[in-house]
Amino acid sequence: MASSLVIPDGFQMGAATSSWQIEGDSAGRGRCMWDDFAMRPGAIVDGTRADPACDHVARYVEDLDLLSWFGVDTYRFSISWPRVMPGGSGPLAVAGLDFYDRLIDGLLERGIEPVVTLYHWDLPSELQATGGWVSRETADRFADYAEAMGSRYADRVARWATLNEPWCSSFLGYAAGVHAPGMRDPGASLAAAYHLMLGHGLAMQRLRAVNAHNLGVVLNITPVYATEPSMKAAAHHVDGTQNRFFLDLLAGRGVPQDLIENCAHLTDWSFVQESDNSIISTQMDWIGENYYSVMRVAPPDTGTAEAVGQDALASPGCPPMTYAPRAPLTHMGWEIYPPGMTEVLHRIARDLPGIPIWVCENGGAMDETIDESGVHDPIRRHYLHDHISAVLQARTEGVDVRGYFAWSLLDNIEWAEGWTKRFGLVRVDVDTQIRTPKDSAQWYRAVLQGRDTSD
Ligand code: FCB
């Protein structure tokens, strides 16, 4: 292992989760599109359903105590829209609201800052039935829900994220079909991406109106490289759907002109309204970045390993190409490339100047061995060390990055990969629900406790 890791004073360290991936208790909430997707044979590789997940609704006190054991400054979780507003609109569900009250209060009692994500992909089924994010109305429903959450929790939540990774919601969900709702309609996916960003802007305004503070969005900006000069145009297009679409809208520049032209055969873009621009680019207080890997755009006939989510279909309008990740790879097939973290933070700082950045997710599904002495996951420990170093390097170089959340506190349902990919610092046995901190958790804890750890 490389050098020592010194966490600067004031730099926040945390852990992250999301509702559908950990909560379970689907009987205690409305349905969401991931419940529906999970029913489709083959949609989730191992047939995982929403229950029991990590049974977190029943075991949240134990999970809060784990966060205290780590010594995190902050915890990022998401509110399940169908748990607090079943059906996606209308009356609020008291039991759901009370659950998040207890979770937030439990964090505060332990001296941990709550960071809330409002949308980590569990769209109420009723809203998907009326078009989901392809429909402009979903953006309005999202804003209503955001306001309701702001009204309830603004006094106690330190920071709010409207959306998590709208790229995944739109392009993996509506274009590649590998995430809920499992559609393969490239034109619709562009409308979905746009309406997600409109929903973000509307939610920002409604949250601010009810005095919620520290508002932003969490993106997964990803470095995109061409493996050879002939692939530069394709890589530029991928950078458009992956990165520039979101960054340009947030900066008030609208949809990038090259995407409008390259995708003209897929959509007439009639869902874009001039007056939306100022809504979508409502000034943010912070921005989140989830960094896992890079994308290498290669000629279409390049035979390479499969990387989950690296799918040409997820870049509508792209010229023929394939992705060619380079070893070392994680279980997701994602290339391990710490310099990409430094690079991406510089890019966000350049494209959205003046906005403080938090790394809201970073981690990996790696080999681990279990024996009576514990869960041994040296590759994850190295991955975390090297990526935290890469974040701190960007900070030293002048990027205003203020915190880091490891993904994830717990092993959990990795979306379409079900329980086959484990990202947790803490192992979860799905049958017994026993939580066991892995070696990486012990290391992360030592970093947090010492704030100055050498390896
Ligand atoms: C991100 C998601 C998160 C988790 C990680 C591995 O795209 O935001 O929920 O699945 O990937």
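The dialogue below goes through the surroundings of the ligand and then one loop residue.

Modeller: This is a predicted model, in which local features need pLDDT of at least 70 and side-chain atom pairs count only at pLDDT 80 or more, while totals for chains, interfaces and linings use all residues. Residues are numbered from 1 along each chain as its sequence is written, and side-chain values use heavy atoms, with hydrogens and water left out.

Biologist: What makes the approach of His 120 to the ligand a polar contact?

Modeller: A polar contact is a pair of N or O atoms within 3.5 Å (within protein, one must be able to donate a hydrogen and the other to accept it, and residues adjacent in sequence count only if both atoms are side-chain atoms). An N or O atom in the side chain of His 120 is 2.8 Å from an oxygen atom of the ligand, so the pair falls within that limit.

Biologist: Which distances do Asn 164 and Glu 361 show?

Modeller: From a polar side-chain atom of Asn 164 to an oxygen atom of the ligand there are 2.9 Å, and for Glu 361 the corresponding value is 3.0 Å.

Biologist: Why is Asp 185 called partly exposed?

Modeller: Buried means under 20% relative accessible area and exposed over 50%, with partly exposed in between (1.4 Å probe, protein chains only). Asp 185 has a relative accessible area of 34%, and therefore counts as partly exposed.

Biologist: How far is the C-alpha atom of Asp 185 from that of Trp 133?

Modeller: These two C-alpha atoms are separated by 12 Å, and the residues lie 52 residues apart along the chain.
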